[in-house]
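Reader: I'd like to learn how to read a model like this one, feature by feature. Could you walk me through it?

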Amino acid sequence: AAAVNNLGATEEEKKEEPKESKVPLFLQAGSFSTPEDADNQKAKLAFMGIEAVIQQVMIQDKTLYRVRVGPYTRIDELNKVRAQLAKSGIDAQLAK
């Protein structure tokens, strides 16, 4: 019976472990029409201790500069950074 109890405890502990994502997750901390604005956002994030990258994309005939944070594989880590960004007035969206 003791072995079953130990096993039961282990299974309960596993349920409490943070969920992991199979694919890397990114947060988009802004999308800008100029590289300067994207750089400013990236710098703002750097001051907060958050490393970001700028991704240049074409949407129809416009060039946009996305500021992305990540990758994260742990959901709790992603949510922690998202909350930190929200406190600074940055509404970060989940992006893959």
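Author: We will go through confidence, one helix, the strand pairing, the core and two glutamines.

Author: This is a predicted model, so local features need pLDDT of at least 70, side-chain atom pairs count only at pLDDT 80 or more, and totals for chains, interfaces and linings use all residues. Residues are numbered from 1 along each chain as its sequence is written, and side-chain values use heavy atoms, with hydrogens and water left out.

Reader: What pLDDT does the protein average, and which element has the lowest mean?

Author: pLDDT is the predictor's confidence in each residue, from 0 to 100. The protein averages 86, and 81% of the residues score at least 70. Helices (H or I, at least four residues) and strands (E, at least two) are DSSP runs, numbered from the N terminus. Among these elements, helix H1 (residues 2-16) has the lowest mean pLDDT, 46, and H2 the highest, 98. Over residues 1-16 pLDDT stays under 50, and the model has zero contacts (heavy atoms within 4.5 Å) for them beyond four places in sequence.

Reader: Which residues of H2 are buried, and which are exposed?

Author: Buried means under 20% relative accessible area, exposed over 50%, and partly exposed in between (1.4 Å probe, protein chains only). In H2, Ala-38, Gln-41 and Leu-45 are buried. Seen down the axis of H2, these buried residues fall within an arc of 60°, so they line one face of the helix; the arc is that of the directions from the helix axis to the C-beta atoms. They pack against E1, strand E2 (52-59), E3 and H3. On the other side of H2, Glu-36, Asn-40, Ala-46 and Phe-47 are exposed. Just after H2, Gly-49 takes a positive phi of about 85°.

Reader: In what sense do the strands pair, and over how many bridges?

Author: Two strands pair if DSSP finds at least two bridges between them. E1 and E3 are antiparallel over six bridges, while E2 and E3 are antiparallel over eight. For landmarks, Leu-27 has Val-69 in E3 as its bridge partner, and Val-57 stands opposite Leu-64 in E3. The hairpin of E2 and E3 has two residues between the strands, and there Gln-60 takes a positive phi near 50°.

Reader: Which residues touch the most other members of the largest nonpolar core?

Author: A nonpolar core is a set of buried Ala, Val, Leu, Ile, Met, Phe, Trp, Tyr and Cys residues joined through side-chain atoms within 4.5 Å. The largest one here has 16 residues, of which Leu-27, Leu-45, Val-69, Val-81 and Leu-85 touch the most other members. Two or more residues come from each of strand E1 (20-32), helix H2 (35-47), strand E3 (62-74) and helix H3 (75-87), with E3 giving the most, four residues. Not counting residues up to four places away in sequence, Val-81 touches Leu-27, Ile-50, Val-69 and Tyr-72.

Reader: Is Gln-28 buried or exposed, and what does Gln-28 touch?

Author: Gln-28, in strand E1, is buried, with a relative accessible area of 18%. Beyond four places in sequence, its contacts include Arg-66, Arg-68, Asp-91 and Gln-93.

Reader: And where does Gln-93 lie?

Author: Gln-93 lies in strand E4 (residues 93-95) and counts as partly exposed, at 41% relative accessibility. Gln-93 and Ala-29 are 64 residues apart in sequence, yet 6.8 Å apart in space, C-alpha to C-alpha. Leaving aside neighbours within four places in sequence, Gln-93 is in contact with Phe-26, Leu-27, Gln-28 and Arg-82.
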